[in-house]
Amino acid sequence: MEFMHLSNTLLDRLPASVAGPRYDRSRVRTGIVHVGVGNFHRSHQAWYTQQLLNLGHLDWGICGICLLEGDREFHRRLKAQDGLYTLVRKESDGSEGVEVIGSLVDCLFAPDDPAAVIAALAAPEAKIVSLTVTEGGYNMDSATGEFLFEAPGISRDLAHPDDPRTLFGYLTAALGRRMDEGRPGLTIQSCDNLVHNGDVCRTMLLSYVEKARPELAEWIRSEVTFPNSMVDRITPAAPPSTGPDLEAAHGIRDLCPVVAEPFSQWIIEDRFSRGRPPWEVAGAQFVSRVDPYEHMKIGLLNAGHSLLGFSGSLLGYQTIDEAVADPRLAAFLRAFMEEEVTPQLGEVEGIDLNEYKDTLLHRFANPFMGDRLSRICSESSAKIPKFLLPTLRGQVEGNGSFHRSAWVLAAWCRYLDLAEREGREDQIQDQMRAGLLEAARRSREVPRAFLELTPVFGDLARFPPVVAAFEQSLRNLRQRGVWDSLSLANGNKEENRP
């Protein structure tokens, strides 16, 4: 089959097997500037926005911002395709749906043209700045909740406010220009996996602004809103075969395709300063309070991912579906959800929690996603304090079961320890890699040393029951192996070990 490069000129010639934009892209106006044009944004927010554009809501096109030098090649490929890309939806039965997404009407590469990025963020037509910058991108100390002014690039941006490099430098420069030129404020919408993500974004930005440009802080408080949101769609890195498969099946050459599961969810606090897109017509849910949905998703899905990531890696599995296909791991995960997470959730309006948990296990088991455990385990120093520790602390305070949560922390420590012992340190993708590996090394002599890494665990090492459960699980992992230690953490008697 002869293939065609993905571009605007191809849109009128897409094969019947591929859905595409049902609107004239030249008529779309940019209402959203999005920072962090990664796979998740392209499978989630950009997909929801495409559905709006298909219905004629043409004021909400997206201008993407690639902040990092490491995005250079991706940006080049996306620009070569006029901002278009294919989203491949992988069903659990092996079937798939393919859609060309056109809602990214422009994409800027910040390292090459900081001025253009500031101008886009400050443009009068920009009503929303949305963010997918990962949990670590907010520069928040998980132990204190304070802004990390020592984070890379921050001191440089404070010294060079008109030539920023970081998210906070860019936002401060752009919002300062809006204020100086008498332009209205906007909405900054976090779409990252953080509880109260909008509140976190507001607090971190104001902390930076108070030092960088104090007179701007009050304007932000009155003119800028930060709605909380909960986002969900499993989006692994697209396997190398994705491009060739698209060519073979549909005749399209795409240099940056995205693969995602069928399921998607977006819960949004309805608090926007200058109007908002009607994303509800595409299935998003606007609510007055996002908290219950955030806690549900982060406690069940994200913490469940971490549980499978560490345990599955220790057992030699490579992907989430391989790990959850093991009935013993699946049983441990379900017990963790039922006995430790669910008691912390309460009622979630409109959600049947048992059905939600069943759906999660089904989603994890999708063998066609290929969601790698190495991705799940990356940047865990930013994830674990948000995903797992609130459950553990809540259970301790309520005198509930927390031994499975403690086991997950022990499995993380063991995962890091083995990587260091076996010379695989470079496989640990984490901003705190050096500190984590050192804490794991020290835990060989003093097991609680891992929990004394306060930037991650705060004062957790001051709770004797947690320390005891962690130390016992770590000792069992080292002396008895994964299965025995997991069985014991699950409350099984020794004589009933698998």
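# Exercises on salt bridges, a buried helix and a sheet

Counting every pair in which a side-chain nitrogen of Lys or Arg lies within 4 Å of a carboxyl oxygen of Asp or Glu, one arrives at 41 salt bridges. The structure is a predicted model, in which local features need pLDDT of at least 70 and side-chain atom pairs count only at pLDDT 80 or more, while totals for chains, interfaces and linings use all residues. Residues are numbered from 1 along each chain as its sequence is written, and side-chain values use heavy atoms, with hydrogens and water left out.

**Exercise 1.** Find which residue forms a salt bridge with Arg444, and state whether each partner is buried or partly exposed.

*Solution.* Begin with the pair itself: Arg444 bridges to Asp417, and their closest N and O atoms are 2.6 Å apart. Next, place the two residues in the chain, where helices (H or I, at least four residues) and strands (E, at least two) are DSSP runs numbered from the N terminus. Arg444 sits in the loop between α18 (433-442) and α19 (454-457), whereas Asp417 belongs to helix α17 (residues 403-421), so that the pair links distant parts of the chain, 27 residues apart. Then turn to accessibility, for which buried means under 20% relative accessible area, exposed over 50%, and partly exposed in between (1.4 Å probe, protein chains only). Arg444 is partly exposed at 30%, but Asp417 is buried at 0%. Finally, both residues belong to a network of salt bridges that also includes Arg414, Glu420 and Arg478.

**Exercise 2.** Repeat the analysis for the salt bridge between Arg328 and Asp326.

*Solution.* The N to O distance between these two side chains is 3.7 Å. Arg328 has a relative accessible area of 36% and is partly exposed, while Asp326, at 8%, is buried.

**Exercise 3.** Determine which residues of helix α8 are buried and what covers them.

*Solution.* Within α8 (residues 214-223), the buried residues include Leu216, Ala217, Trp219 and Ile220. Their cover, judged by contact (heavy atoms within 4.5 Å), includes α6 (167-180) and α7 (197-212).

**Exercise 4.** Work out the strand order of the sheet that contains β12, and explain why one side of β12 has no neighbour there.

*Solution.* Two strands pair if DSSP finds at least two bridges between them. The open sheet has 4 strands in the order β2-β6-β5-β12, with mixed pairing. Because β2 (18-19) and β12 (258-260) stand at the edges with a single partner strand each, one side of each lacks a neighbour in the sheet. The partnership of β5 (residues 85-90) with β12 is parallel and runs over 3 bridges, and Val88 stands opposite Val259 in β12.
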